[in-house]
Amino acid sequence: DVTEKEMDNLTFKSDTVLSDVHLHCPNKRHLMVRLNAVGQPVFLSYFKLLWNTDDQASEKQPREAAAEREHQYGSRDELCDKDGNNLKSERECSAEGIEALLDDDGDLEVVRRPQNACDVDEEDLLRDRVCPVILMRGKEDAFEDEEQECTCSDVVRIEHTMATPLEDVGKQVWRAAFLLADYILFKRDVFRCCTVLELGGGTGITSVIMGTVANRVYCTDVGEDLLAMCERNVALNKHLMEPGGGEIKVKELDWLRDEFCTDPEALYSWSEEEIADLHDHCTVIMAADVFYDDDLTDALFRTLYRITHNLKNSCTVFLAIEKRQLNFTLRHMDVTCEAYNHFRNTLNDLENLQDGKMKYNVEPIKLDFCQFLVYERMEQL
C-alpha cells in the first residue's frame, strides 16, 4: 500500500521523445517495415512535395512558378486539401447562421451547433490524429492509393522511427528539417552545384532535398544504426537526385571528437580524398533541429569552428531550430526556453569572436518563403 506521504512524493518520468510531425498528418498511413538493430519499429512514410519536381528542367522564372503553385495550392497561410480547395471557406460555412443567444437575465445560452455535411468534411480534413494509422508489412498494396496519386518525382520516401529515447531522436523526422527543406527548394539557384555538409543529418530528409540541386552532399551523424537508416533513405530517393546528377555521401561525424573518422574498418569513415574535397569545395553547411542539449550545442559549435577554419572558400551556414521546452521559471519570472537561449548565446559568442582568422556574420531569415511540404509552420520555428 502507498501511504499518503509517499503519494505526495510521487514523480512520473519518461525518457521517450515523440516528434509530432506525424500527428499533424490527417489520415496519413505509416507502413511498419522492420525492427532496427535495437528493436525499435521502423516505419516508411511518404511526404509529398506540393509541386512537381519535373519542373526543375523547365524555363519558368521562379516568381512565375511560385505564382502557379500558389494558384494551385493556395498561399502558405491557407490550408488546402489535396484538390487545392481552400479549407478556410469550409470553416466559415460551418459557422453560418449561428448567433450568440442570451436568456432573459442576459446570460449566454449555450446551444449545440447543428451538424451538417460541411462539419463532417472539416472534421475529416482538419482533425489531428492522436495515433497514426500503422500498417504491417505483408499487404503488397499497402501504399497503392498513394502510389496512384503521386508520381515518383513529387514524393520523398523516408524510413524513420516514431518514439525513441532522447539519444535516438535523430531517427525521427522533425519540423525544422521540413523548414530547411522548404528554403532549399525556394532558393534552388543558391545551392545549385554546391558542395554541402549537413551536421546531424538524422533520417537524411534535408540532405535528400539538398541532393536534388547540389553537386555533392556529405550527410553526417553518429551511430551505425542511424547512419544505416540514413543511407537507406538516400537509396529510396535516388531517383530524385538523378535529373541533377547530385550525390549524397553518408558519413560519421562525431562532434565530441576533434578529428574525422578515418578508420578503414569503420562503415561510414572518411577517406583522405573526401576530407580534401570537403575542405577544398564546401561552401554550404546546414543543420536542422539539433539544438536541444546544451553540451551537444557547445560541441556542435566547436565542430563548426574547426571545420570552417579548414575551408578554402567562404561558407554560409544555415541553422533551423524549433523552440521547445517552454517553461515558466522563477529565476526569469517568464516563460523561457533554456535550450534555445543557450543556442542564441553561443551563436552570439561566435559572431563576436575575434581571433584574427575568421569573421562570422549572423542574419535571421524571414519565414515568408513558399511552403513545399505539408507540415505546420508554427511561430516557434
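A salt bridge is taken here as a side-chain nitrogen of Lys or Arg within 4 Å of a carboxyl oxygen of Asp or Glu. The structure analysed is a predicted model. Under this criterion, Asp 277 and Arg 216 are joined through their side chains, with an N to O separation of 3.2 Å. The two residues belong to distant parts of the chain, Asp 277 to helix 11 (residues 272-281) and Arg 216 to strand 10 (residues 216-221), and their positions lie 61 residues apart in the numbering. Asp 277 has a relative accessibility of 13% and therefore counts as buried, since the cut-off for burial is under 20%.

In total, 17 salt bridges are counted in the model. One of them is formed by the side chains of Arg 175 and Glu 376, at 3.8 Å from N to O. Arg 175 is part of helix 6 (residues 175-186), whereas Glu 376 is in the segment after helix 13 (338-351); the pair therefore ties together parts that are 201 residues apart in sequence. The partners are not equally accessible: Arg 175 is buried at 2% relative accessibility, while Glu 376, with a relative accessible area of 37%, is partly exposed.

A further salt bridge is found between Glu 322 and Arg 324, whose closest N and O atoms are 3.1 Å apart. Glu 322 has a relative accessible area of 9% and is buried; for Arg 324 the value is 28%, and this residue is partly exposed. Elsewhere, salt bridges with shared partners connect Arg 216, Glu 247, Lys 249, Lys 251, Glu 274 and Asp 277 into one network.

Two members of that network, Glu 274 and Asp 277, are also among the buried residues of helix 11, together with Ile 275, Leu 278 and His 279. The cover over the buried residues of helix 11 includes strand 9, strand 10, strand 11 (247-252) and strand 12.

Aromatic contacts were examined next. The structure contains 13 aromatic pairs. In the pair Phe 178 and Tyr 375, the ring centres are 5.5 Å apart and the planes are at 20 degrees, so the arrangement is stacked. This pair also links distant parts of the chain, with Phe 178 in helix 6 and Tyr 375 in the segment after helix 13, 197 residues apart. Both Phe 178 and Tyr 375 are buried. Helix 6 and the segment after helix 13 are thus linked by the salt bridge of Arg 175 and Glu 376 and by the aromatic pair of Phe 178 and Tyr 375. A single aromatic cluster is formed by Tyr 183, Phe 186, Phe 191, Phe 318 and Phe 369.

Helix 12 (residues 294-309) consists of 16 residues. From first to last C-alpha, helix 12 reaches 23 Å, close to the 22 Å expected at 1.5 Å a residue. At the N-terminal end, helix 12 is capped by Asp 293, a side-chain oxygen of which lies 3.1 Å from the backbone nitrogen of Asp 295. The buried residues in helix 12 include Thr 297, Ala 299, Leu 300, Phe 301, Thr 303, Leu 304, Arg 306, Ile 307 and Thr 308. Strand 9 (195-198), strand 12 (282-288), strand 13 (316-320) and helix 13 are among the elements that cover them. Arg 306, one of these buried residues, lies over the face of Phe 260, at 5.7 Å from the ring centre. Strand 9 and strand 12 are included in the cover of helix 11 and in that of helix 12.

Terms used:
Residues are numbered from 1 along each chain as its sequence is written. This is a predicted model: local features need pLDDT of at least 70, side-chain atom pairs count only at pLDDT 80 or more; totals for chains, interfaces and linings use all residues. Side-chain values use heavy atoms; hydrogens and water are left out. Helices (H or I, at least four residues) and strands (E, at least two) are DSSP runs, numbered from the N terminus. Buried means under 20% relative accessible area, exposed over 50%, partly exposed in between (1.4 Å probe, protein chains only). Rings of Phe, Tyr and Trp (its six-membered ring) pair if their centres lie within 6.5 Å; planes under 30 degrees apart count as stacked, over 60 as edge-to-face and the rest as tilted. A charge sits over a ring if NZ of Lys or CZ of Arg is within 6 Å of the ring centre and within 35 degrees of the ring normal. The expected span of a helix is 1.5 Å times one less than its number of residues. Contact means heavy atoms within 4.5 Å. A polar contact is a pair of N or O atoms within 3.5 Å; within protein, one must be able to donate a hydrogen and the other to accept it, and residues adjacent in sequence count only if both atoms are side-chain atoms.
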